[in-house]
Amino acid sequence: MAIRISSSNDLEIKKAVRKHYASAIKDQAACCGSSSNGCCDGNGNTAQIAKLYEDPDFTSLPQDVTEIAFGCGDPVTLASLVRGQTVLDLGSGGGIDCFLASRKVGETGRVIGVDMTPDMIDRARSNLEKVRANNVDFRLGEIEHLPVEDRIVDVVISNCVINLSTDKPQVFREIFRVLKPGGRLAVSDIVTDGVIPEEIRESMQSWAECFAGAWDAKDYVKAITDAGFVNVKVVPTYMNEEIIQDSLNNSSDPNAQSMDASELKKKVFSAKITAEKR
Ligand SMILES: C[S@@+](CC[C@H](N)C(=O)[O-])C[C@H]1O[C@@H](n2cnc3c(N)ncnc32)[C@H](O)[C@@H]1O
């Protein structure tokens, strides 16, 4: 079951998440633990991040972009974008998925990236100058209150971000508002299966590292359906146990050392999530 968060907690969590990613972008430190090996890695390890991406355009992006990827999947490939579409990336970070989407939608399409951390937006804008993607626009804002007009977006993508929100139902309502009728959601995110230990849930550090805020897949699907979406699908992509162990070993959360990687693997995993607005 999803935990309830009071509004004071909500503000504290948002502050902790913003601080975590502001420092991550400066140090290129990791988000989902400090694994040098996969999910949410931002360790400058482009070879490991490349394993998450099926998109051949990945290799043509500058290292300044690929070394600050903090995702847990490849939402652009999942989205099957076509030329001329308008795409919105929630929690766009340093811009990697916006730049990949930009190539798919071409000059007649456009891509909007939204992120609440000013340092991330600054870095994404400086990357934009290097990538020279004229159809991409980065906006500072929260995914719970999107700085985007109603019904202008064809596809909403996101990579390892919605788990960080303290108000996921509001995020899905906002996605529904900005999508055109017939629009789609294609998201990579961390979800859980069943209850995860209270000590993880209570840790701010674990929240910012993508564990504590993750929802049970069933609650996630219900929140998307409640927002009005149809054809909601969640396909798990389980993480390698060594990656999780590495992440626990390197986590700055003191509770991480006592956690069992083989148990955690079955409970917390990355998923491909899709849905449609009629
Ligand atoms: C795990 S990183 C993923 C970044 C990017 N999607 C990627 O794949 O590299 C999470 C990003 O989401 C942003 N973020 C977290 N919560 C947010 C919120 N409520 N509203 C807007 N951005 C948020 C953070 O600032 C951070 O840049």
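**Notebook: a first walk through the model**

I started at helix α10, whose buried residues pack against α7 (168-178), β5 (179-192), β6 (215-216), β7 and β8. A reminder to myself before going on: this is a predicted model.

**Entry 1: helix α10**

I looked up which residues of α10 (residues 217-226) are buried, and found Y220, A223 and I224. Seen down the axis of α10, these buried residues fall within an arc of 100°, so they line one face of the helix. I jotted down the general rule beside that: an α-helix has 3.6 residues a turn, so residues three or four places apart point the same way. After α10 comes G228, with a positive phi near 115°.

**Entry 2: strands β7 and β8**

Since β7 turned up as a packing partner of α10, I checked that strand next. Is β7 buried or in the open? Of its 8 residues (230-237), the number buried is 0, so β7 lies largely in the open. I then looked for the pairing of β7 and found β8 (residues 268-276), joined to it in the antiparallel sense over 6 bridges. Within this pair, V234 stands opposite I273 in β8.

One residue of β7 made me stop: N231. Its phi is near 50°, which is positive, and N231 is not a glycine. I counted 12 other C-beta atoms within 10 Å of N231, and 12 or fewer makes a residue exposed, so N231 is exposed.

**Entry 3: the whole chain**

I stepped back for some totals. The protein chain has 12 helices and 8 strands. It has 278 residues, and buried ones make up 52% of them. I also looked at contacts between residues at least 6 apart in sequence: 73% of these join residues at least 24 apart.

**Entry 4: the nonpolar core**

How many residues are in the largest nonpolar core? I found 83, and those with the most contacts inside this core are L88, F99, A101, V156 and I157. I added a general remark here: in soluble globular proteins, nonpolar side chains tend to be buried together.

I followed L88 further. Leaving aside neighbours within four places in sequence, L88 is in contact with I112, V114, V148, V153, V156 and V178.

**Entry 5: strands β1 and β2**

I112 also came up when I looked at strand pairing, where L88 stands opposite I112 in β2. Strand β1 (residues 86-90) and β2 run parallel, with 5 bridges joining them.

β2 (residues 110-115) is mostly covered, with 6 of its 6 residues buried. I checked which way they point: R110, I112 and V114 go one way, V111, G113 and D115 go the other way, and all are buried.

I picked out V111 from β2 for a closer look. V111 has 29 other C-beta atoms within 10 Å and is buried. Not counting residues up to four places away in sequence, V111 touches V87, D89, C98, A101, S102, V105, N135 and V136. I also noted V111 and N134, which are 23 residues apart along the chain, with 9.5 Å between their C-alpha atoms.

**Entry 6: helix α5 and the ligand**

A101 was on my list for the core, and I found it again among the buried residues of α5. 9 of the 10 residues of α5 are buried, so this helix is largely enclosed by the rest of the structure. The buried ones are I96, D97, C98, F99, L100, A101, S102, K104 and V105. G106 follows α5, and its phi is positive, near 70°.

α5 (96-105) also matters for my look at the ligand: α1 (7-27) and α5 each supply at least two residues of the shell around it. Which residues come nearest to the ligand? Of the 25 around it, I found G71, G91, G93, M116 and T117. By class, I sorted the shell into 13 nonpolar, 8 polar and 4 charged residues.

**Entry 7: two loops**

I ended with a residue from each of two loops. F211 lies in the loop between α9 (204-208) and β6. F211 has 29 C-beta neighbours inside 10 Å and counts as buried. F211 and F269 are 58 residues apart in sequence, yet 9.2 Å apart in space, C-alpha to C-alpha.

S80 is in the loop between α4 (75-79) and β1. With 11 other C-beta atoms within 10 Å, S80 is exposed. Its phi is positive, about 45°, although S80 is not a glycine.

Terms used: Residues are numbered from 1 along each chain as its sequence is written. This is a predicted model: local features need pLDDT of at least 70, side-chain atom pairs count only at pLDDT 80 or more; totals for chains, interfaces and linings use all residues. A residue is buried if 20 or more other C-beta atoms lie within 10 Å of its own, exposed if 12 or fewer, and partly exposed in between; C-beta atoms are placed from the backbone. Helices (H or I, at least four residues) and strands (E, at least two) are DSSP runs, numbered from the N terminus. Two strands pair if DSSP finds at least two bridges between them. A residue is near a molecule or strand if its C-beta atom, placed from the backbone, lies within 6 Å of it. Ala, Val, Leu, Ile, Met, Phe, Trp, Tyr, Cys and Pro count as nonpolar, Asp, Glu, Lys and Arg as charged, and the others, Gly among them, as polar. A nonpolar core is a set of buried Ala, Val, Leu, Ile, Met, Phe, Trp, Tyr and Cys residues joined through C-beta atoms within 7 Å. Two residues are in contact if their C-beta atoms, placed from the backbone, lie within 7 Å. The arc is that of the directions from the helix axis to the C-beta atoms.
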